[in-house]
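Reader: Could you take me through one part of this model up close? I'd like to see how the two chains meet, and then what sits behind that contact.

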2 protein chains.
Amino acid sequence: MPQISLSRRLRRTPFSEGVEAAGVKGYTVYNRMLLPTVFESVEADYHHLKKNVQVWDVSCERQVELRGPDAARLMQMLTPRDLRGMLPGQCFYVPIVDETGGMLNDPVAVKLSEDRWWISIADSDLLLWVKGLANGYRLDVLVDEPDVSPLGVQGPKADELMARVFGDRVRDIRFFKFDMFEFEGRDLAVARSGYSKQGGFEIYVEGSDIGMHLWNALFSAGEDLDVRAGCPNLIERIEGGLLSYGNDMTDDNTPHECGLGKFCNTHTAIGCVGRDALLRVAKEGPVQQIRPIAIDGDAVPPCVQPWPVFAGGKQVGQVTSAAWSPDFSTNVSIGMVKLSHWDAGTKVEVETPDGMRGATVQGQFWI
Amino acid sequence: MPQISLSRRLRRTPFSEGVEAAGVKGYTVYNRMLLPTVFESVEADYHHLKKNVQVWDVSCERQVELRGPDAARLMQMLTPRDLRGMLPGQCFYVPIVDETGGMLNDPVAVKLSEDRWWISIADSDLLLWVKGLANGYRLDVLVDEPDVSPLGVQGPKADELMARVFGDRVRDIRFFKFDMFEFEGRDLAVARSGYSKQGGFEIYVEGSDIGMHLWNALFSAGEDLDVRAGCPNLIERIEGGLLSYGNDMTDDNTPHECGLGKFCNTHTAIGCVGRDALLRVAKEGPVQQIRPIAIDGDAVPPCVQPWPVFAGGKQVGQVTSAAWSPDFSTNVSIGMVKLSHWDAGTKVEVETPDGMRGATVQGQFWI
């Protein structure tokens, strides 16, 4: 496997020092920033995540900040999810679409106040799209990337660890809500969210200077909890059906194809630039959609480009993320499958790099 | 050094198969696509590039295509370089700026015809900025990323190799001009350009399906020229003063700070969205600027984050790219230095990870 060549362009994070001290073995690049992918091994990291608690450097979830009188209007221009009922203190998972209804990102929007929002982005320079719209529509809003780096605390012991550092009040945060907590005299937004199904929090660390202080505080407080450095885990996220922008969907796909129709209120999302393009697909439904697919046989090799899915000799979809699941003793995968073959139980074939495999479309992810 | 974890999100290229067969040892990620960084070793690759000819997979220089009646107007909105005199068949290096005059990219614009342009981009999702502006200003133009992957042919024997594949007419292409050449029945734009100072071409390979055919044709034709797979070379590009967006400049910098004032005609670039912001700096000049800096001592370690530059105990700049140059027997580097200390011959100190080093601001790059 080739090495990664580091340079300033692949940005380090406020926690890189801790990540390196913890013995990171693999990196990917996400929003032009380093994102760890493996510490002990993907499988060992997976087992640990499901039993204990991990601290994740997810600084690469960069924030796009909207600030000013037109912030809410601009936010609604970006997404077909109706944001009128959203209150400060809430986080919404929002599909972001272009004027054709193609997905540009699938971030979490954080409403700090009526005129101040953070968009915690997946892997595309969403900042440029938002700045372009703000400029073109002459909106009264500032758009930039603040010095905010999310730190994930994920796993079944996350509540216990967080309570030791931030106090018992963190236990009261409800799912996809956030509240403010003090650390070293600074107020930080702490949300109950994260890119795993094991529960936990994301701390929006404002100010790189306190990054390693917080990292160290979490590790000191959690020694007896076997807290470890971790990262989004390929196996666990596929089991849980957590999509990855750029892997499982691109700007070729509508939110509906990605199974995100439930986060769209296309009819009432007045102002969304992709609304017209999405009205028909919202009404009639997509012709292909994301599906969990179990792939037969031994552990599949890494999926580094789409694997075609066939039925009766014709291509009916593709697999874009796949891994062997130790807990479910099968290859779990995420694919995009045509309407004709997306029903649970449908038998298909997947062309992997080491040959054709039998596979079965699933009714739900492995949770 | 950690490994790179591959996934669909880090896009493979039409030439990845050839790159892997040639034994690529290191990758970086550029525009969410794989870019090789080393084959034999950075130093061996450097010596070979300066004597022979290399084929470079620079597919990561993605194209943003503008097509339609407003294409030229939109192109001028992006840059303070006056494009009125530009003819079809020309390539222009164009700083791209936002409304504050901050650099968003430093691509090569390729004018295919009056209403059709390619922008061959550096490492930022410029597509999103351009699409956002086109949408906001309601321009009559299509903006997308076509299936075009540049293949570089660089080195002193590039003319000979290219003539064997495309015919002697390629020798007539002048610097930063392009012409159309046939390969397997397809017309490809071939430009005399590239990210080295050793001379050569970039072939805009339209259609991924012919990628490996062309790769193989170049290697077959060049066996006696010792043609090898190569890539932009860190040492050679620093010697030559070729800037890297994200390394040597970011959206914090104006084109003038980057030494790109000569590519700005701010006064006459009517329509450029950053024009107002740049008028003053264009007139008065920047307060800091890119400079070559020779750093004393043995080979410096890799520069993965900015190294502060000091004079008299005060910070007067930073170094963002650095490497040992075998040919010039010094550490060559690119830095941003304040007005007070940017004159050639100025002695400064650079704080590298292994200690403070003496250094000297240079009057010109090592060419």
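Author: Let's start right at the crossing point: Gly26(A) has Gln3(B) as its bridge partner, and Gln3(B) sits in strand 1 of chain B. Keep in mind that this is a predicted model. That residue pair belongs to a strand pairing that runs between the chains: strand 2 of chain A and strand 1 (residues 3-4) of chain B go side by side in the parallel sense, joined by two bridges. As a general point, strands of a sheet pair through backbone hydrogen bonds, either parallel or antiparallel.

Now step back to the whole contact. Chain A puts in 44 residues, and chain B puts in 44 residues. On the side of chain A that touches chain B, the elements giving two or more residues are strand 1 (3-4), strand 2 (26-30), strand 3 (33-38) and helix 4 (126-136) of chain A. Helix 4 of chain A supplies the largest share of that side, with seven residues. As for chemistry, the chain A side splits into 19 nonpolar, 15 polar and 10 charged residues.

Helix 4 of chain A is worth following inward. It packs on a sheet, where it touches strand 5, strand 10 and strand 11 of chain A, and its direction makes about 160 degrees with that of strand 11 of chain A. The sheet is an open one of five strands, in the order 6-9-10-5-11 (chain A), with antiparallel pairing. Strand 6 (91-93) and strand 11 (142-144) of chain A are its edges, each pairing on one side only. From one strand to the next, the twist averages 20 degrees.

Go over to the strand 6 edge and you'll find three bridges tying strand 6 of chain A to strand 9 (residues 108-113) of chain A, antiparallel again. Cys91(A) has Val110(A) in strand 9 as its bridge partner. Another helix goes with this sheet: helix 3 (residues 71-78) of chain A lies across strand 5 (63-67), strand 9 and strand 10 (116-120) of chain A, at about 135 degrees to strand 5.

One last stop is strand 4 of chain A. Strand 4 (residues 54-57) is covered on both faces, with Gln54(A) and Trp56(A) buried on one side and Val55(A) and Asp57(A) buried on the other. Strand 4 pairs antiparallel with strand 12 (residues 148-154) of chain A through four bridges, and in the parallel sense with strand 16 (residues 228-230) of chain A over three bridges. Gln54(A) takes part in both pairings: it stands opposite Gln154(A) in strand 12 and has Arg228(A) as its bridge partner in strand 16.

Conventions: Residues are numbered from 1 along each chain as its sequence is written. Chains are lettered from A and ligands numbered from 1 in the order in which they are written. This is a predicted model: local features need pLDDT of at least 70, side-chain atom pairs count only at pLDDT 80 or more; totals for chains, interfaces and linings use all residues. A residue is buried if 20 or more other C-beta atoms lie within 10 Å of its own, exposed if 12 or fewer, and partly exposed in between; C-beta atoms are placed from the backbone. Two strands pair if DSSP finds at least two bridges between them. Two residues are in contact if their C-beta atoms, placed from the backbone, lie within 7 Å. Ala, Val, Leu, Ile, Met, Phe, Trp, Tyr, Cys and Pro count as nonpolar, Asp, Glu, Lys and Arg as charged, and the others, Gly among them, as polar. Axes are lines fitted to C-alpha atoms, for helices over the stretch in contact, and angles run from 0 to 180 degrees between N-to-C directions.
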